[in-house]
Amino acid sequence: KDKSTVSITVVGASGDLAKKKIFPALFALYYEGCLPEHFTIFGYARSKMTDAELRNMVSKTLTCRIDKRENCGEKMEQFLERCFYHSGQYDSQENFAELDKKLKEHEAGRFSNRLFYLSIPPNIFINAVRCASLSASSAYGWTRVIVEKPFGRDSESSAALTGALKQYLKEDQIFRIDHYLGKELVENLSVLRFSNLIFEPLWSRQYIRNVQFIFSEDFGTEGRGGYFDHYGIIRDIMQNHLLQILALFAMETPVSLDAEDIRNEKVKVLRSMRPLQLDDVVVGQYKSHTKGGTTYPGYTDDKTVPKDSLTPTFAAAALFIDNARWDGVPFLMKAGKALHTRSAEIRVQFRHVPGNLYNKNFGSDLDQATNELVIRVQPDEAIYLKINNKVPGLGIRLDASNLNLLYSARYSKEIPDAYERLLLDAIEGERRLFIRSDELDAAWSLFTPVLKELEQKKIVPEKYPYGSRGPIGAHYLAARYKGEITTLS
Ligand code: BG6
């Protein structure tokens, strides 16, 4: 039997992320029997709340997996009994010392490990790190801290945050979370590439024409305008979620599945990238739109957003990796809020078939679309490959069809939420899916110059109606880069 104990403190316990993601993920882990035998969860925030009130708040967001509903209520009760609350200021060593006292009572002399999840904005998390590490770190076991983005606004502020964190924590105590790395289909990317013979040989400029990383949401920044306006879509989605996927997509084969081996390869890709040029970026901002009698608000209609805000809620960008494998291949990113649909996808477009026999014999109307591999991260998780096929019947007619691996049809088990995987990894000390500080630096180096230029030149984002496909400029950018690369030297 395991004699040690893990104490998990959710700092910022009454915030949205804690309620919607962190507590439900912890419960799911408990439900699945993944948490250690001895564990305690503490919510920490400024507001006054009793343990019962915290439990009541948390209980509203817990759900059970479909396949095992019978003992769900019972499990929830057991889980909630392990949840407690401590009210304190984020910059008070004294308040964290009180928390430490309570944690010790629960740990009851066992060998204790402590995990702090900082679900609070970066302007206050340095103080919280200072207080937690000075007053409430584990005396004998490990102390780990999960930090949420944004990690700064640019290279300089990110370096300052890292420097401040490192005054109190060693790099191996810091778990920088990017929840996209915890998504099932993103994890599967390496399996797809490295354990199937048929993909890896095609994974280069020789066969791939372009790769697209697409993030779209069918809702705006409602309720988060204040935060969002300070960052914008490039910092909110591209610099982290999409870039991380790109790095996994494009990296060389790691020496092993060890966290350092994988992160070494990712950082090499990031450092081989050309800093993004203003000419290769299109920015947009959604405006109000009326459809079917309903008026959807524009971005600047949000009271927490300045009327003259130039913050982009949409961006499209063309990026390049200057290495032997990817020289000249455009990596196109597109991310936007308030678009026509919610989805996240990777689309790999292959080159045309050289000397296409069917095109030659039957004319250009039979030159079907090129092959495309699509990895749909969400919703309706799937991997599908677009191939040309003969339509059954007399005569020859080609048709693009999909070889389709739809997860809901293939697997009966529900897909775990990204936060479950990441929290479990943090508890187990597995760093593979967390961002190392050199990765973060490289990611900022790529985007910082263009972010500054956009702000200095006060580039006005192209307006697009709420619920549309985004600004027209993005289509021109894509058209510029989607074509065949003419030289293959
Ligand atoms: C967050 C962004 O990191 O990811 C949000 O800050 C965005 O703006 C969210 O809505 C999307 O996450 P998911 O998992 O719902 O696709």
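**Patch, helix and strands in a predicted model**

Student: What makes Leu357, Tyr358 and Ile396 a nonpolar surface patch of about 270 Å²?

Tutor: In a patch, each residue has over 30% relative accessible area and no salt bridge (a side-chain nitrogen of Lys or Arg within 4 Å of a carboxyl oxygen of Asp or Glu), and nonpolar side chains are joined within 5 Å. Leu357, Tyr358 and Ile396 together make such a patch, of about 270 Å². This is a predicted model, in which local features need pLDDT of at least 70 and side-chain atom pairs count only at pLDDT 80 or more, while totals for chains, interfaces and linings use all residues. Residues are numbered from 1 along each chain as its sequence is written, and side-chain values use heavy atoms, with hydrogens and water left out.

Student: How do you know that the buried residues of helix 14 lie on the same side?

Tutor: Gly473, Ala474, Leu477, Ala478 and Tyr481 of helix 14 (residues 472-482) are buried, meaning under 20% relative accessible area with a 1.4 Å probe and protein chains only, whereas exposed means over 50%. Because they cover an arc of only 140° around the axis, they fall on the same side of helix 14. The face turned away from the buried side carries the exposed Ile472, Tyr476 and Ala479.

Student: Why is strand 5 called largely enclosed?

Tutor: Five of the five residues of strand 5 (residues 143-147) are buried, so the rest of the structure largely encloses it. Thr143, Val145 and Val147 point one way and Arg144 and Ile146 the other.

Student: What makes strand 4 and strand 5 a pair?

Tutor: Pairing requires that DSSP finds at least two bridges, and five join strand 4 (residues 112-118) to strand 5, which run parallel.

Key. Patch = residues over 30% accessible without salt bridge, like charges linked within 9 Å, V, L, I, M, F, W, Y side chains within 5 Å. Areas by Shrake-Rupley, 256 points an atom, 1.4 Å probe, with all protein chains shown as cover. Helix = DSSP H or I, 4+ residues; strand = E, 2+ residues; numbered from the N terminus. Arc of directions from axis to C-beta.
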